[in-house]
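Let's take a look at a protein chain together, going from the whole down to a single residue. Have the sequence and the 3D view ready.

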Amino acid sequence: MEKDSISQDFVPQTALDQMTGSDQTQLLKAMIPYLPPRGQRLASIYAKAREFAGTVSLFSGNALEGQMQAASTAQASPLDMINDISRYCYGDSKRKLNQITDLMAMIQMIQIMNEERQEG
């Protein structure tokens with residue numbers, strides 16, 4: 001079985017990544033596999049340090065309040081949340097979330113069938 005990886009499936013950036021990262025950090029991270037091992041280590045640490053600094057800066061003020069809340073979270077169903085989260089996953093995590101989604105869909109179908117039986 002072919003192993004899933006980010007390079008095989010495009011994984012979009014989360015809202016947090018978009019707010020804490022930059023184009024330069026993304027370019028640096030994309031360049032890492034082409035560097036020698038010592039360069040990979042240093043570039044990886046530097047990229048993550050930049051992201052951490054961006055996160056600290058983002059959460060240091062009150063301006064963030066409510067910016068990352070999902071649209072209409074009060075009305076979002078667990079299935080909506082799982083579908084949204086799965087866009088950012090790959091590999092085993094993606095497969096597990098897909099299994100949960102399939103199971104929830106099956107449960108909904110059973111509930112609909114039971115409701116029809118009770119009405120009929």
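## How confident is the model?

First things first: this is a predicted model. Averaged over the chain, pLDDT comes to 81, and 79% of the residues score 70 or more.

One stretch calls for caution. Over residues 1–8, pLDDT stays under 50. For this stretch the model has 9 contacts beyond four places in sequence, so take those with a pinch of salt, as pLDDT is the predictor's confidence in each residue.

## The overall build

What is the chain made of, helices or strands? You'll find 5 helices and 0 strands. Walk along the sequence and the pattern reads α-α-α-α-α.

How do the contacts spread along the sequence? Take the contacts between residues at least 6 apart: 56% of them link residues at least 24 apart.

## Inside and outside

The chain has 120 residues, and 15% of them count as buried. Its accessible surface adds up to about 9700 Å², with carbon and sulfur atoms supplying 57% of that.

## Zooming in on Glu51

Now for a single residue. Glu51 sits in helix 3, which covers residues 37–59. Is Glu51 buried or exposed? Its relative accessibility is 13%, so Glu51 counts as buried, because the cut-off for buried is under 20%.

Which residues does Glu51 touch, once you skip its neighbours within four places in sequence? Glu51 is in contact with Thr20, Thr25, Gln26 and Lys29. Try finding these four in the 3D view, starting from Glu51 in helix 3.

Definitions and conventions: Residues numbered from 1 in each chain as written. Predicted model: local features only at pLDDT ≥ 70, side-chain atom pairs only at ≥ 80, totals over all residues. Heavy atoms only, no water. Helix = DSSP H or I, 4+ residues; strand = E, 2+ residues; numbered from the N terminus. Buried < 20%, exposed > 50% of the residue type's maximum accessible area, 1.4 Å probe, protein only. Contact = heavy atoms within 4.5 Å. pLDDT = per-residue confidence, 0-100. Areas by Shrake-Rupley, 256 points an atom, 1.4 Å probe, with all protein chains shown as cover.
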